[in-house]
There are 2 protein chains.
Amino acid sequence: MNAEIISIGTELLLGQILNTNAQYLSKSLASIGINVYYRTEVGDNQKRLKSVFETALKRSDLIITTGGLGPTEDDLTKETIADVLGLELEEDFEALQSIKNYFEKIKVKMTNNNKKQALIPKGSIALPNRQGTAPGVLIEKNNKTVFMLPGPPNEMMAMYKEHVEPYLIKRGQGIIKSKVLKFIGIGESSLEEKIKDLLRSDNPTLAPLAGRGEVSLRITAKGTEAKKVEEKISNMEKLIRARVGKYVYGVDDETLEECVGKILVDKNQTISIAESCTGGLIADKLTNVPGISKVFDRCIVTYSNKSKIEELGVPPEILNSFGAVSKETATAMAEGIRKVSGSKLGLAVTGIAGPSGATPDKPVGLVYVALSTPENTICKNYVFNGRREIIKNRAALTALNMLRKYLINLP
Amino acid sequence: MNAEIISIGTELLLGQILNTNAQYLSKSLASIGINVYYRTEVGDNQKRLKSVFETALKRSDLIITTGGLGPTEDDLTKETIADVLGLELEEDFEALQSIKNYFEKIKVKMTNNNKKQALIPKGSIALPNRQGTAPGVLIEKNNKTVFMLPGPPNEMMAMYKEHVEPYLIKRGQGIIKSKVLKFIGIGESSLEEKIKDLLRSDNPTLAPLAGRGEVSLRITAKGTEAKKVEEKISNMEKLIRARVGKYVYGVDDETLEECVGKILVDKNQTISIAESCTGGLIADKLTNVPGISKVFDRCIVTYSNKSKIEELGVPPEILNSFGAVSKETATAMAEGIRKVSGSKLGLAVTGIAGPSGATPDKPVGLVYVALSTPENTICKNYVFNGRREIIKNRAALTALNMLRKYLINLP
């Protein structure tokens, strides 16, 4: 079965919003083994939508549209598709009831144009919308399957998960599972180089994904028996971990900060942080983890030399002799924050985020990361590429990874 | 002239990357008055690309493709489009020379497959690529204009700005200018409500854009005389500012932190920050501004009550009587950070980012923002909706906006 996604909305063609819906659907369909061969985006214009839908019907078995199901005159998806398929629109009793219930619940008077949302093509199935008013639609006709989903991403995603995915998996008469391995400390091309032969595998398939200083690898297996499908995934995971396991920090949707936060809480290791070039980003990431207040005490962003001396007790001689961006300063910052906070662990970062601040022997992107523990203080240096925000982000992830490795006794 | 954008790459159809190229081109074309009626995304597959391009030729005057210009076997854009247009590929001398120069510059040996990048359809024009090796291509044939641009966003954007936009503006024989007004402290729907009548304007047009707690409004005017076009924009800007000017913090690409950072540096007002629920996000944002080290001294993220007492001198009685999330604590934090840092200004935030931590009289999303100045300390409270990260972001933007209003004497 090959699929086409049609995204409907003039705001897309004006560039006012990014088409995250199409990406979500592409990813989700790929993960259950359905090939997306085309994606089309068209405005709220009946003539053009009609021609796009006719083209899609000729070349695709499954068509999923998003957008244009709302109550206004601009919303033309159902009318247009029903017209192409030669179907009349009729009121769906349950859909109307659920729209009425929605307005009662939010205590807003329902206007007449909202009734339009309960109209669906004759012979189709209305898909309930738990997040909004516009129901989705499923049509099966002439061996083609058409799903019409609402445009707002939260409504679209909930409806996809609840109605579309189970339907497609059932029809596929097979089982598809996937697992994502998340990497830190290795670039996309080095990772691909190390698993080049495995990337050619058919079942399970492997798909590398890169973004924001991190790399992921999705393993997807198909089959008819759940146990065998899981075995395929676990065998592939073993092969990958045998080669690059030390760079794997988590699986599926886990972020590095969630992973680190969980270990800190589980092991009851308290932590405080001293940041210079990252400017609070490490603490910001860590405090995105709910419940982190159990172990995270404080972070001091010491941007000036004066604040490094006053807040962390960094000796002025060290700043004078070695500079603020040095192994000695990073070490003193980590030891200083550990001491003033009384936390078990002290993490510190100092570096040059650019664009200015470089010296002949200290380039933009040079970053020192130090971790002070009850046993000792370790410090490593790195040179990151990219603009200011990218250097900050890479430095923050690298610091969190140093912490993670210490917590689980990795070298 | 109506345009179609064709994005080429299997990674798009797998959902591995978001199609930011199509959004950039859509926005840019809209800003010079060119209507994009269709966008299509197709994989690295000759047959399907061919059919997509043939369809586009029938319905669009201007076709811009991105992707598929690289040196590998997967890169098929030039071959396929030349084939459809009945043109042969030939080596472009200058393009080859510039690829050779690129490899010399980065001191890497050029491989044979890189020569493929210098092939362009006969009669077309090669567009130099300053950021990479693959040149772009411009073809004019049968009243159709085709631009082929590289896939990597930095290469694509640079080439668009340098070659495509000037060409299209010249051909359009008209002048189109736009200006974006950036808002803070007002929601999209309230803003639209207040300028409803202006949104119907034809020339200039107004397009609202929302994202990440901020709202923008793009004013776009067309005409034949630069002076008159600018007048149209400035008249519309005046109308808008007369109604909602107090929410406008900047124009075009400026971020709130850049705006605030610039005023701080210009006025030489030093600042330090105390954060609780925002966890370092305000300092992270502010330190994204190059040169901020001139005025930003330090930030203390006091997550625990103990750290609020030790680092900022918040009296334990205040924490006991009013709680960590209170007007009294926020005020003591702002005054405390101002005192310990010696900065002219002290900014502080305390609140409940959720999902836990709410009490019967203090809901999730309750946030106090305080600013201590040489004159006095002001404190305001807010209740933000959304999940943990969204509450943090809204609180951080609101704190920066309080600072901005103080710096420019807004009530």
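## A walk from one strand pair to the whole dimer

Let us start small, with Ala126(A), which stands opposite Val137(A) in S7(A). Keep in mind along the way that this is a predicted model. The pair belongs to two strands of chain A, S6 (residues 125-127) and S7 (residues 136-141), which are joined in the antiparallel sense by three bridges. Val137(A) also has a partner in another strand: in S8(A), its bridge partner is Met148(A). Strand S8 of chain A covers residues 144-149 and pairs with S7(A) over five bridges, again in the antiparallel sense. Between S7(A) and S8(A) lie the two residues of a hairpin, where Asn142(A) takes a positive phi near 50 degrees.

Now move to the start of the chain. Strand S1 of chain A (residues 2-8) is mostly covered, with six of its seven residues buried. What does S1(A) pair with in the parallel sense over seven bridges? The partner is S2(A), and within this pairing Ile6(A) has Thr40(A) as its bridge partner. S1(A) also pairs with strand S3 of chain A (residues 62-66), in the parallel sense and over five bridges. There, Ser7(A) is matched with Thr66(A) in S3(A).

Stepping back, we can place these strands in the chain. Chain A has 15 helices and 17 strands, and its C-alpha atoms fill a box of roughly 85 × 50 × 40 Å along the principal axes. The domain assignment divides chain A into domain 1 (2-172), domain 2 (175-251) and domain 3 (256-407). The C-alpha centres of domain 1 of chain A and domain 3 of chain A are 48 Å apart. Of the 411 residues of chain A, 45% count as buried. Among contacts in chain A with a separation of 6 or more, 65% are between residues 24 or more positions apart.

A good place to look inside is Ala399(A). Beyond its neighbours within four places in sequence, Ala399(A) is in contact with Ile282(A), Leu347(A), Val349(A) and Val369(A). In soluble globular proteins, nonpolar side chains tend to be buried together. The largest nonpolar core here has 108 residues, and the members that touch the most others are Met333(A), Ala399(A), Met333(B) and Ala399(B).

That list names both chains, which brings us to how they meet. Here S2(A) returns: strand S2 of chain A (residues 35-42) is joined to S2(B) by five bridges, and the two strands run antiparallel. Across this pairing, Arg39(A) stands opposite Glu41(B). In total, 49 residues of chain B are in contact with 49 residues of chain A. Several elements of chain B give two or more residues to this side, including helix H2 (20-31), strand S2 (35-42), helix H3 (46-59) and helix H14 (388-407). By class, the side of chain B that touches chain A has 20 nonpolar, 19 polar and 10 charged residues.

How are the two chains related? A turn of 179 degrees, with a shift of 0.3 Å along the axis, lays chain B on chain A with an RMSD of 0.4 Å. That is the relation of a two-fold axis. The interface residues of chain B are, to 100%, also interface residues in chain A, so the copies meet through the same surface.

Note on methods: Residues are numbered from 1 along each chain as its sequence is written. Chains are lettered from A and ligands numbered from 1 in the order in which they are written. This is a predicted model: local features need pLDDT of at least 70, side-chain atom pairs count only at pLDDT 80 or more; totals for chains, interfaces and linings use all residues. Two residues are in contact if their C-beta atoms, placed from the backbone, lie within 7 Å. Helices (H or I, at least four residues) and strands (E, at least two) are DSSP runs, numbered from the N terminus. Ala, Val, Leu, Ile, Met, Phe, Trp, Tyr, Cys and Pro count as nonpolar, Asp, Glu, Lys and Arg as charged, and the others, Gly among them, as polar. Two strands pair if DSSP finds at least two bridges between them. Copies are superposed by least squares on the C-alpha atoms of residues with pLDDT of at least 70 in both. Domain bounds come from an automatic or database domain assignment. A residue is buried if 20 or more other C-beta atoms lie within 10 Å of its own, exposed if 12 or fewer, and partly exposed in between; C-beta atoms are placed from the backbone. A nonpolar core is a set of buried Ala, Val, Leu, Ile, Met, Phe, Trp, Tyr and Cys residues joined through C-beta atoms within 7 Å.
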